[in-house]
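Student: Hi! I have a structure open on my screen and would like to talk it through with you. Could you help me find my way around?

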Amino acid sequence: MKGLIIAAGRGSRLAARPQSKPLCPVGSRALIEWVILAARRAGIREFVVVTGYAREDLERHLKAFARESGVSISFVPNNEWEKENGLSVYKARDLLGGTFVLLMADHIIDPGILTRLVAEPLQPGELMLAVDFRVQGHPTADLHDVTKVLVKDGMISLIGKEIGTYNAFDTGVFLCTPGIFHALEESQKRGDFSLSGGIRVLIESRKARVMDIGDAFWIDVDDEKAIERAESLLALHA
């Protein structure tokens, strides 16, 4: 199984740092390295990384990291990186023919989430999102920025940052079939280039399922405070 990592955006809230966001130091490693190492612990050795902003620096760094960590990394450029993240996923469609894991370059996660997720069976065309039902007083989620999910009977019913009714958070960790690409194509025809837009297309055909992560840790590293929290989490779970 391959891992797709979207790493094309600039990360405006960390723009004061000299590195591109995926290369921002978090503890002893670059942010994106933590993502790759978590996936490697779940048995994933082959990665496709979508790059955009400052992509030469990121690709150079990851080529060296691939050699030292024993993984394979292919790159897909997204010159339209200022558009929403669903476009980055869609641009990788030619390199992903089967079931794959979709990850965000700025989400540090408990490797156990991926270990459980890759063992889940999927029907053709389906997607499974790892969700966190701890919506009250979450230790790391930014309520103003996190993507929210309304889950009913194990299926995604609503998804988006602005939805008013929800019972889970989107962790940014997905198990996908190529059906996601067809859904993103349809979403983009409607003018929505977000990943959530593609998921909403899958919701229409009841092909968007969820997996509960329980009390596993994850954090979306979007600003300086999140970096500090991530470093504390990594020290705790080392």
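Student: Where does Thr140 sit?

Tutor: Thr140 is in the loop between β8 (127-132) and β9. Keep in mind that this is a predicted model.

Student: Is Thr140 buried or exposed?

Tutor: Thr140 is buried, because its relative accessibility is 9% and the cut-off for buried is under 20%.

Student: And what does Thr140 touch?

Tutor: Leaving out residues up to four places away in sequence, Thr140 touches Trp218, Ile219, Arg229 and Leu233. With Trp218 there is a polar pairing too: a polar atom of the Thr140 side chain lies 2.8 Å from the backbone oxygen of Trp218.

Student: Okay, moving along the chain. Where would I look for Asp222?

Tutor: Look in the loop between β13 (218-220) and α7 (224-236).

Student: Which side chain does the Asp222 side chain make a polar contact with?

Tutor: That would be Lys21, and the distance between the two side chains is 2.4 Å in this polar contact.

Student: What else does Asp222 touch?

Tutor: Besides Lys21, the residues touched by Asp222 are Arg13, Leu14, Asp106 and Asp145, again not counting residues up to four places away in sequence.

Student: Why does Asp222 count as buried?

Tutor: Asp222 has a relative accessibility of 15%, so it counts as buried. The cut-off is under 20%.

Student: Let's switch to helices. How many residues of α6 are buried?

Tutor: Eight of the ten residues in α6 (residues 195-204) are buried, so this helix is mostly covered.

Student: Which ones are buried in α6?

Tutor: They are Leu195, Ser196, Gly197, Gly198, Ile199, Val201, Leu202 and Ile203.

Student: Anything to look at just after α6?

Tutor: Yes, take a look at Arg206, which has a positive phi of about 55 degrees. Arg206 is in the loop between α6 and β12 (208-212), and this positive value occurs in a residue other than glycine.

Student: Is Arg206 buried or exposed?

Tutor: Arg206 counts as exposed, because its relative accessibility is 56%.

Student: Which loop holds Asp153?

Tutor: Asp153 belongs to the loop between β9 (148-152) and β10 (155-160). Its phi is near 55 degrees, a positive value in a residue other than glycine. Asp153 is exposed, with 78% relative accessible area.

Student: Let's zoom out. How many helices and strands are there in the chain?

Tutor: The chain has seven helices and 13 strands.

Student: And what about the overall dimensions of the C-alpha trace?

Tutor: The C-alpha trace spans about 40 × 40 × 35 Å along its principal axes. The radius of gyration is 16 Å, which agrees with the value near 18 Å for a compact globule of 238 residues.

Student: How much of the chain is buried?

Tutor: Buried residues account for 54% of the 238 residues. As for the outside, the accessible surface is about 10,800 Å², and 47% of that belongs to carbon and sulfur atoms.

Student: What share of the contacts comes from residues 24 or more positions apart?

Tutor: Such pairs account for 74% of the contacts with a separation of 6 or more.

Student: Last one: how many positive and negative side chains are there?

Tutor: There are 29 positive and 32 negative side chains, with the centres of the two sets 3 Å apart.

Conventions: Residues are numbered from 1 along each chain as its sequence is written. This is a predicted model: local features need pLDDT of at least 70, side-chain atom pairs count only at pLDDT 80 or more; totals for chains, interfaces and linings use all residues. Side-chain values use heavy atoms; hydrogens and water are left out. Helices (H or I, at least four residues) and strands (E, at least two) are DSSP runs, numbered from the N terminus. The radius of gyration is taken over C-alpha atoms; the globule rule is 2.2 Å times the number of residues to the power 0.38. Buried means under 20% relative accessible area, exposed over 50%, partly exposed in between (1.4 Å probe, protein chains only). Contact means heavy atoms within 4.5 Å. Accessible areas come from the Shrake-Rupley method with a 1.4 Å probe; for residues, only the protein chains shown count as cover. Lys and Arg count as positive and Asp and Glu as negative; His and the chain ends are not counted. The place of a charge is taken as NZ of Lys, CZ of Arg, CG of Asp or CD of Glu. A polar contact is a pair of N or O atoms within 3.5 Å; within protein, one must be able to donate a hydrogen and the other to accept it, and residues adjacent in sequence count only if both atoms are side-chain atoms.
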